[in-house]
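Grab a pencil and work through these exercises with the structure open beside you. Each task comes with a solution you can check step by step.

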Amino acid sequence: MLLYRALLRLYPKSFRAEYGAEMMKDFIREWREASAAAKAALLARITADTLANAVRVHGDITRQDLRYAIRSLRRTPGFTLTAILVAALGIGATTATFSIADHVLLRPLPFPEADRVVRLWEDHSKLGYPRMEPSPPNLLDWQRAATVFERLEPFTGGSASLVGHGEPEQVSGASVGGGVFQILRRPAALGRVLTESDVNAAEGERPIVISDRIWRTRFGASPDVLGQTISLDDRAYVIVGVMPPDFYFPSRNRDFWRTLRLGTTESDSDRGNHYLAVIGRLKDGVSIEDARAEMDVIAAQLAQAYPKAQEGKGVTLAPWREQISGQPRVLLLGLVGASICVLLIACTNLANLLLSRALARRSEFAVRAAIGASVDRLVRQMLTDSFVLAACGGVLGIILAVVAAPLLVRLVPTSLPIAEVPPTDLRMLAGTLLLTVGAGMAFGLLPALRVCRKTDGSALKDGARGGTSRGTERLRSSLVVAEIVASVVLIVTVGLLTQALLNVQRVDPGFKADHVLTVRTTLPRIKYAKAAQREQFYQRVLNDVKALPGVQSAAYISFLPMVMGGGVWPVLSTVPDPGSPQKFVPPDPKNERRASLRFVTPGFFSTMRTPVLRGRDVNADDTTQTTPVAVVSESLVRLYFPDRDPLGEQFAFAYKVRTIVGVVGDIRVRGLEADTSEPQVYLPAGQFTDGDPLFYAPQDLAIRASVPVAALVPAVRAAIAAADPQLPIINVRTLEDIVSLETASRVVQLRVLGAFAAVAFLLAAIGIHGLLAFNVSARSREIGVRIALGAKARNIIGMVIGRSAVLAALGVVIGSALAYAAGRSMQALLFGVDPANPAVFGAAIALALLMTLAGSLFPAWRAVRVDPIAATRAE
Amino acid sequence: MANPTGPESLLPLPPAVFHILMALADEDRHGYAIIQEVRSRTNGDVRLSPGTLYRSIQRMLEDDVIVEISERPAPELDDERRRYYRITPFGRSVARAEANRLHELVRLARASGFHTKKA
């Protein structure tokens, strides 16, 4: 008996109330009549019957409710469209930002057991570099001593000009240690990956693995590609494999992977030669902490063995995904927070919309209740309404999110080995489904419960009187306050970030970016191995370019500022130390002095409009036959030659003693936001000798012109082609583009946040308007009586606006507190802007008040226009 | 309150619904009586479970093919206080339409050479 009673609970309450008693009686009768043996069978039958039919009855009711919901929503198209749009905005914004955040921050990287893959750096925290690229001797020592890794392997990025099988093209790729592919555990799509034995292949037979893109564009996706030869920077490689299209390593847009052989050059034995990237796979059962502990011990041993080079230096080890720096993370989390705000506002708005709709339908519900509909059926019906709206909003939201995704891809850091656009997959759809159901519940349940609690007949009377209960009022008011809070938070956030962006843009990079065209040409290493060959090339190109109409000046440099931040060398004393790889004694072993190294041709500073403060620029007379000279930045003088006339001072740098002949203004080499740019040392390209590292051979051309620089591009291309037709030209862009790239992700984030804030603002205004309009129409009799009793328009307007002012004040106070907290959590992004910036808060508060006023105007006008006779006659 | 869309809109009837209509054809009955009537009419072949019965009743009430009646049979015949159901005129026309449909189906089956026991 008890069992059957329990089983009956599976039916919907309304069904149970209607037929439960009858079913119970039937069961009792059958139970009495059944023999002992038949009783067991009866129980089994009745259980199966209940399970099957309970599901069907639920289905019947849902189908009925759906039909009813769609019919009634169709009758109010304005309401329905507004509600769907609001839901779509909330769900779409959240889906888009969550899918990007999931893609960048949460989802495992696209490699098997990627959570066991780690990146390693040397820890030079004392010099301000917790993540310094390891040097080859240190890596070799790590490999020998470490026991926690399956493998520990080096790689370096790089680019090369690809010649043959089509137009010459500059492609990016990587040189990888023999075991890198074993760490990544991704097989080739065609052929094989690189292995340990490939590292020592003979010249001319060196193996290479190419990307899917190269395979398709250059070889027409032919399976015969294996065994063919391609030429990178005039060096031949044999293709042994093609990687699948979704293979990204070490980051996006890599087209080749060749082997990296350490120890082939003298500089590979220099512990100060930091240029490797290191990746490792932890053995099973080894935790990150275990690995860190072991690497700390190894670092200590190295410091003991090589005190001069390794004193005070450790090892930084982090999961692969965490190689992205703090800023993109905060940028994304900020957006996720903002999208949650939008969703919250959308939900409260919908709750409010549904609440007023439900209140308007109270009489209808009361009638349904009177003819026997139970409260739970009515709640169910209202929930069905909100789910229908949420589902439509969800579908539209997904479309919005998919359309918006490409706008957000700037927020995906290029340094991660993942696709640019997050995939639209089941995971995203499941997330949206969850969001939709959650939103439907959130904005449907409150109004449903609120209205139906009263559906005992008193609603009928309530409906006749047309007033609203105090509780409902309070609920609606708190929803509106929540909307104001969320929009204040968003507006303040946008304001703070706009301030920060302006501050970043106001930073003086140390040069004038306007009217400068930049072109990068990578000089193939073999063809241009000799300084004389390069010098000839520079002269030819520069002469031709300078002769172009409108060109004021042009010069070559190793790397333009911001394009490359590294290339940092120790600044040494002039005392020789033949035993050390750097050949000279550091002036102060405790405090390493460092500066970035660039080779420039004459005229670089005038092209960049970087002021020459003292002495002179490099010039054509600085050759390998004359004393090595250097032009240094102001900060170098300030730090290393204080209180002295720097001109004529000497220091050792990049293997030679250099004499300072000029001092120029500082340049933000590492970017506008990084205040860690090292002092700069510029050496004349004419003094680049054959022993100097080819990496620094000038390859970036900067051209200042009085005419629009875009018009110069064809002529510049022609000039370079005349000097060497086989040379690919990459990265033709203006210096302004390079500088604006510095703030690109901020601008994108701000744009998205701004859109969110605008939507939030609009929704909140709609919310306030809806609340007050409903309030005024519900109280029209009271207002009519007041007018009849002599209340002035002023008093009526005051009454309506006073109410909204109270809500606005509450929202602003709470919102400001939360906005301050949000600002503090984003401090990393604020670039010195105070999270309590009074101008921003003032503007946000003013906007919120303005929005409240705008939302109240129409209801106030309606209130004044209430006709006292008509309003009281309705009584 | 006749269904505006006509009896054909409900066809084909689920077997349980058709059996219930047949059980109510000559007499108002309560739920348990319907189960027993169906069982005896079909010689025990069809045993309606309570879940199927009341779910069908609910839908039939919504479709206006049956109504719940307020007057009860003579108290001495009514062993318990039960809810009784009666077939409506619309319900009769629905049942007739279903019978015609099945008849037509059988005719077609015969014409195709699928002979029933009698033939």
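## Exercise 1: an asparagine at the contact

Asn53(A) is buried, its relative accessible area being 2%. The model is a predicted one, by the way.

**Task.** Find out which helix holds Asn53(A), which residues Asn53(A) touches, and why Asn53(A) counts as buried.

**Solution.**
- Step 1: place the residue. Asn53(A) sits in helix 3 of chain A, which runs over residues 36-75.
- Step 2: list the neighbours, leaving out residues up to four places away in sequence. Asn53(A) touches Tyr11(A), and from chain B it touches Ser49(B), Gly51(B), Thr52(B) and Arg55(B).
- Step 3: apply the cut-off. Buried means under 20% relative accessible area, and Asn53(A) counts as buried because its value is 2%.

## Exercise 2: sizing up the interface

**Task.** Work out how many residues each chain brings to the contact, and how much area is buried between chain B and chain A.

**Solution.**
- Step 1: count residues. Chain B puts in 25 and chain A puts in 20.
- Step 2: get the area. Interface size is often quoted as the accessible area lost when the parts come together. Here about 2,000 Å² is buried between chain B and chain A, with carbon and sulfur atoms giving 42% of that.
- Step 3: look for the big contributors in chain B. Tyr32(B), Tyr54(B) and Arg55(B) lose the most area to chain A, together 32% of what that side buries. Arg55(B) has already turned up as one of the residues that Asn53(A) touches.

## Exercise 3: polar links and who supplies them

**Task.** Count the salt bridges and the residue pairs in polar contact between chain B and chain A, then say which helix gives the largest share of the side of chain B that touches chain A.

**Solution.**
- Step 1: salt bridges. There are four between chain B and chain A. One of these pairs Asp60(A) with Arg59(B), where the closest N and O atoms are 3.7 Å apart.
- Step 2: polar contacts. Nine residue pairs qualify, counting pairs with both residues at pLDDT 80 or more.
- Step 3: trace the helices. On the side of chain B that touches chain A, helix 2 (31-41) and helix 3 (50-62) of chain B each supply at least two residues. The largest share, ten residues, comes from helix 3 of chain B.
- Step 4: sort by chemistry. That side of chain B splits into eleven charged, seven polar and seven nonpolar residues.

## Exercise 4: the two chains, one after the other

**Task.** Describe the make-up of chain B and of chain A, then locate Asn349(A).

**Solution.**
- Step 1: chain B. It has four helices and three strands, in the order α-β-α-α-β-β-α along the sequence. Of its 119 residues, 43% are buried. Among contacts in chain B with a separation of 6 or more, 56% join residues 24 or more positions apart.
- Step 2: chain A. Here you'll find 26 helices and 22 strands. Of the 875 residues in chain A, 52% are buried. Residues 24 or more positions apart make up 81% of the contacts in chain A with a separation of 6 or more.
- Step 3: Asn349(A). This residue lies in helix 10 of chain A (residues 326-360) and is buried, with a relative accessible area of 2%. Leaving out residues up to four places away in sequence, Asn349(A) touches Val86(A), Glu483(A), Leu763(A), Ala764(A), Ile766(A) and Gly767(A).

Note on methods:
Residues are numbered from 1 along each chain as its sequence is written. Chains are lettered from A and ligands numbered from 1 in the order in which they are written. This is a predicted model: local features need pLDDT of at least 70, side-chain atom pairs count only at pLDDT 80 or more; totals for chains, interfaces and linings use all residues. Side-chain values use heavy atoms; hydrogens and water are left out. Contact means heavy atoms within 4.5 Å. Buried area is the accessible area (1.4 Å probe) that two parts lose on being put together, summed over both. A salt bridge is a side-chain nitrogen of Lys or Arg within 4 Å of a carboxyl oxygen of Asp or Glu. A polar contact is a pair of N or O atoms within 3.5 Å; within protein, one must be able to donate a hydrogen and the other to accept it, and residues adjacent in sequence count only if both atoms are side-chain atoms. Ala, Val, Leu, Ile, Met, Phe, Trp, Tyr, Cys and Pro count as nonpolar, Asp, Glu, Lys and Arg as charged, and the others, Gly among them, as polar. Buried means under 20% relative accessible area, exposed over 50%, partly exposed in between (1.4 Å probe, protein chains only).
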